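Please look at the sequence and the model together before reading further. The paragraphs below lead from one part of the structure to the next.

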Amino acid sequence: MSFETTATIASFGGKLLKLAHQAKTVPCQMKLNLYLPPTASASSPAPVLFYLAGLTCTGDNGAEKGFLQHKAAEKGIAVVYPDTSPRGLGIDGEDESYDFGSGAGFYVDATKEPYKGKYNMYSYITRELPETLFSHFKELDGSRVSITGHSMGGHGALTLFLKNPGMYKSVSAFAPISNPTNCQWGQKAFGGYFGDGDKGKWSEHDTCELLKGFKGDVDVLVDVGTGDNFYKQGQLRPEELEKVAKEAGKSVKVRYQDGYDHSYFFISTFAGDHVEHAAKYLLK
């Protein structure tokens, strides 16, 4: 189904489109933001960077506060900002907490009722959304796609990259939930979406577990703020990611940014670096 454009906003010489469409993998209307750089056209389509947002966020947060568009415009890269979960499904309890249900889809396909068949963010992000976008917007080059994300979205970016070799040209992450099977956020989400008895399914969506068995080379950029309270509380576990990467012989660069927190002030400060990281592979 085609997209409805609810707003068109000039941004760094290009345009930010606020879009909505009726999705199939998740049974509701999904909203998102799409940034088209000034060079994008049907005759010269732009490579694409997906930005996956974190807990409580929508497709608006990154577009309005992440400041990826400045460097994306300079490099000629389009940016897609999807939502973080289905909305308004009327599931009992889906709106009760910030870290599960609405705004907290964790980029997985739920296998436990009542979320099974409804919270399919993995299929939506990897299949339905790109297929629909690339068929509708000829300004986008679907053969050149990279992915990044923040917090829960960092978890999403890393796991989607590792689970789909060749789908994405590069990956990076801001303060990702690197080892969700061993932190409170991940355990709550995976227990709710997969059930406590299916720990094998949990491991299939854990960056540290996926990296252990990943075939081939990687070049991963991760930024984490040392002033991030969620880092201090053990929700992010970047040290575990570094340990696994070292043992597996994989190139994962974790930069600890002194004093930075978990907010969009942190993301916007280093957004240019992450667009540059993607550009190394998208513009080859």
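**Salt bridges across the chain**

In this predicted model, a network of salt bridges links Lys71, Glu74, Lys75 and Glu276. One pair in the model is Lys75 and Glu276, whose side chains meet at 3.3 Å, N to O. Lys75 belongs to helix H2 (residues 69-75) and Glu276 to helix H10, so this salt bridge ties together parts that are 201 residues apart in sequence. Both partners are partly exposed: Lys75 has a relative accessibility of 28%, and Glu276 one of 29%.

The count of salt bridges comes to 13. Another of them joins the side chains of Asp219 and Lys280, at 3.4 Å, N to O. Here Asp219 in strand E8 is linked with Lys280 in helix H10, 61 residues apart. Asp219 is partly exposed, with a relative accessible area of 26%, and Lys280 is also partly exposed, with a value of 47%. A further salt bridge is formed by the side chains of Asp223 and Arg255, at 2.7 Å, N to O. This pair connects strand E8, which holds Asp223, with strand E9, which holds Arg255, across 32 residues. Asp223 is buried, because its relative accessible area is 0% and the cut-off for buried is under 20%.

**The annotated active site**

Which residues does the UniProt annotation "active site" cover? According to that unreviewed entry, they are Ser151, Asp228 and His262. They are spread over 112 residues of sequence, yet they cluster in space, with a largest C-alpha distance of 11.0 Å.

Asp228 is found in the loop between strand E8 (219-225) and helix H8 (229-232). Asp228 is buried, with a relative accessible area of 0%. Setting aside residues up to four places away in sequence, Asp228 touches Ala175, Leu236, Tyr260, Asp261 and His262. His262, in turn, lies in the loop between strand E9 (251-257) and helix H10 (264-282). His262 is buried as well, with a relative accessible area of 14%. Beyond its neighbours within four places in sequence, the contacts of His262 include Ser151 and Asp228. His262 is thus in contact with both of the other annotated residues.

**A covered helix and an enclosed strand**

Helix H4 (residues 152-163) has 12 residues and reaches 16 Å from its first C-alpha to its last, close to the 16 Å expected. H4 is mostly covered, since 11 of its 12 residues are buried. Among the buried residues are Met152, Gly156 and Leu160.

Strand E5 (residues 78-82) is largely enclosed by the rest of the structure, because five of its five residues are buried. In a regular strand the side chains alternate between the two faces of the sheet. In E5, Ala78, Val80 and Pro82 point one way, while Val79 and Tyr81 point the other way. Strand E3 (residues 29-36) pairs with E5 in the antiparallel sense over four bridges, and Leu34 stands opposite Val80. Strand E4 (residues 46-52) pairs with E5 in the parallel sense over three bridges, and Leu49 stands opposite Val79.

**The cysteines**

How many disulfides does a search of the whole structure find? The search finds zero. For Cys28, the nearest cysteine sulfur is that of Cys57, 17 Å away. Cys28 is buried, with a relative accessible area of 7%. The sulfur of Cys183 is 10 Å from the closest cysteine sulfur, in Cys208, which is too far for a bond. Cys183 is also buried, with a relative accessible area of 3%.

Methods. Residues numbered from 1 in each chain as written. Predicted model: local features only at pLDDT ≥ 70, side-chain atom pairs only at ≥ 80, totals over all residues. Heavy atoms only, no water. UniProt positions renumbered as here; feature names shortened; annotations may be inferred. Helix = DSSP H or I, 4+ residues; strand = E, 2+ residues; numbered from the N terminus. Buried < 20%, exposed > 50% of the residue type's maximum accessible area, 1.4 Å probe, protein only. Contact = heavy atoms within 4.5 Å. Expected span 1.5 Å × (residues − 1). Pairing = 2+ DSSP bridges. Disulfide = S-S within 2.5 Å. Salt bridge = Lys/Arg side-chain N within 4 Å of Asp/Glu carboxyl O.
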